[in-house]
Amino acid sequence: MLKYTVKRLLQSLVTIVLIVCAVFILLRMMPTEYFFTEDELIKLTDEQREDKLRAAGYLDPIYVQLGNFFANMFQFDIGNYYTDADLSKVEAYAATLSEDNKTSSILKTFYKKMVSTPDAYYGKLSDKNRAYVDAYLAEHPEDTVTAELLAAYDAKAMTEDLMKVVADQVGINIFHFNFTFYLGESRRIAQGQPVLDVIGSKFGVSMRLGLISVAISLLVGVTMGVFQARFKDGLVDQIGTAYTVFVNAVPHLVSYSLILVFGSRVLGLPQRYQLDNVTVSSILPVVCLSIGSIASYMLWIRRYMVDELNKDYIRLARLKGLSTQQVMFKHVLKNAFVPMVQQLPVSILLTVGGSILVERFFAVPGMGPLLTDAIGRYDCNLVQAIVMLYASLGIIGLFIGDVLMTLIDPRIRLTSKGGSR
């Protein structure tokens with residue numbers, strides 16, 4: 001199992017890298033005008049555009065750009081420095097140094113500047129503000145930290161020993177390890193924002209709706225599929241077959257419109273997704289997301305269960321005296337579920353991607369329309385990040401599906417020769 005896992009992970013990594021490289025090269029082959037915003041295209045001259053492209057590295061050879069992209073993707077930072085959270089602690093400490101608001105404010109700013117980037121602030125403390133600090137020190141001689149910081153300020157030397165004094169006094173750790181996964185900034189959809197922040201603000205909405213719809217689809221679809229197989233050619237089977245045919249035959253836009261009209265006019269549900277009424281306004285989108293999956297699960301389970309019911313081991317189980325319920329759930333459903341379980345993790349993980357049609361239809365601020373919008377507005381960095389996300393989730397889902405198949409059916413081996421996957 002370990003050998004298979006390592007091999008599959010390496011294959012997956014190579015696949016993702018190839019996909020990223022292909023998309024990157026295709027995006028870099030577009031005209032350079034698409035790397036500017038609409039305002040920049042109007043205001044900048046040709047020379048200014050060329051200078052900006054050269055500064056950003058877009059005029060470098062494609063292999064150089066690709067190397068820089070991967071080099072900038074992972075950033076490590078190890079050393080003695082203060083984070084924003086540490087600086088907040090320093091500010092909180094400085095705020096307690098005096099009841100005089102003016103002195104406290106000066107000391108707070110003084111502390112923050114000295115411990116964050118002292119080299120940039122030599123000579124920036126005015127004589128008036130220094131007088132406030134000196135007055136405070138005269139009243140509070142026990143505050144050695146401020147005195148030592150002021151001495152370091154005068155000597156233009158912020159030593160590590162002094163940093164440790166401040167750290168001990170305030171209760172923070174100056175040694176940090178920072179890892180950053182960076183894919184660039186959005187150029188058009190959300191100008192100046194990191195693409196990971198843009199995706200992060202939307203994928204939660206799509207995942208929530210998607211997971212709810214998957215749960216409903218599995219519960220209803222599998223249950224109906226079992227009843228269809230159990231009562232083959234009966235009324236339940238005919239109703240389920242009619243539903244499956246209807247869902248697959250009628251265009252999604254038509255079925256979604258029918259659900260919208262019925263839900264809004266008969267049930268009084270909101271026609272559009274509302275941020276201030278998320279629960280109720282999510283009902284119609286979830287229903288629309290579920291109807292297609294329910295039909296697929298019904299058809300899949302029925303088909304495989306009917307095939308399993310005609311096999312010899314089922315006849316043998318019945319001859320041994322097993323009840324119909326035991327045969328259906330202990331043997332038939334378990335074996336019929338094996339082919340479907342491989343695709344189930346992919347379906348769950350890719351709920352992050354949302355549904356383009358459903359989310360546009362109900363104005364859901366999710367991931368569904370984001371890729372098409374990014375392509376339509378030539379937001380290259382955002383397109384790159386979304387493609388990488390979808391590729392990674394799809395590959396991870398297939399890997400988890402393989403593992404689940406071995407857990408459900410012990411006869412399946414991932415590492416043995418002959419019949420291995």
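Which residues do ring pairs link into a cluster? In this predicted model, ring pairs join Phe24, Phe69 and Phe70 into a cluster.

**View 1. A nonpolar surface patch involving helices H1 and H4.** Ile25, Leu26, Met29, Ile62 and Tyr63 make a nonpolar patch on the surface, with an area of about 560 Å². Helix H1 (2–28) and helix H4 (62–73) are the elements that give two or more residues to this patch. Met29, one of the patch residues, is placed in the loop between H1 and helix H2 (38–43), and with a relative accessible area of 63% this residue is exposed.

**View 2. The surroundings of Gln65 in helix H4.** Gln65 has a relative accessible area of 9% and is therefore classed as buried, the cut-off for that class being under 20%. A polar contact of 3.0 Å connects the side chain of Gln65 with the side chain of Arg28. When residues up to four places away in sequence are not counted, Gln65 touches Phe24, Arg28, Gly57, Tyr58, Leu59 and Asp60; Phe24, among these neighbours, also belongs to the cluster linked by ring pairs with Phe69 and Phe70.

**View 3. Positive phi values at Asp233 and Ala363.** Most residues other than glycine have a negative phi. Asp233, although not a glycine, has a positive phi of about 70°; the residue lies in the loop between helix H10 (195–230) and helix H11 (235–249), where Asp233 is exposed, with a relative accessible area of 55%. Ala363 likewise has a positive phi, near 55°, and is found in the loop between helix H18 (356–361) and helix H19 (370–376). The relative accessible area of Ala363 is 27%, which makes this residue partly exposed.

**View 4. Two of the six aromatic pairs in the structure.** The ring centres of Trp300 and Tyr304 are 5.4 Å apart and the ring planes meet at 25°, so this pair counts as stacked. Both residues lie in helix H14 (residues 283–309), where Trp300 and Tyr304 are four residues apart, about one turn of the helix. Trp300 is partly exposed, with a relative accessible area of 29%, and Tyr304 is also partly exposed, at 26%. Phe361 and Phe362 form an edge-to-face pair, with 5.1 Å from centre to centre and 75° between the planes. Within this pair, Phe361 is partly exposed, with a relative accessible area of 23%, whereas Phe362 is buried, at 1%.

Notes:
Residues are numbered from 1 along each chain as its sequence is written. This is a predicted model: local features need pLDDT of at least 70, side-chain atom pairs count only at pLDDT 80 or more; totals for chains, interfaces and linings use all residues. Side-chain values use heavy atoms; hydrogens and water are left out. Patches are made of residues with over 30% relative accessible area and no salt bridge: like charges are joined within 9 Å, nonpolar side chains (Val, Leu, Ile, Met, Phe, Trp, Tyr) within 5 Å. Accessible areas come from the Shrake-Rupley method with a 1.4 Å probe; for residues, only the protein chains shown count as cover. A salt bridge is a side-chain nitrogen of Lys or Arg within 4 Å of a carboxyl oxygen of Asp or Glu. Buried means under 20% relative accessible area, exposed over 50%, partly exposed in between (1.4 Å probe, protein chains only). A polar contact is a pair of N or O atoms within 3.5 Å; within protein, one must be able to donate a hydrogen and the other to accept it, and residues adjacent in sequence count only if both atoms are side-chain atoms. Contact means heavy atoms within 4.5 Å. Rings of Phe, Tyr and Trp (its six-membered ring) pair if their centres lie within 6.5 Å; planes under 30 degrees apart count as stacked, over 60 as edge-to-face and the rest as tilted.
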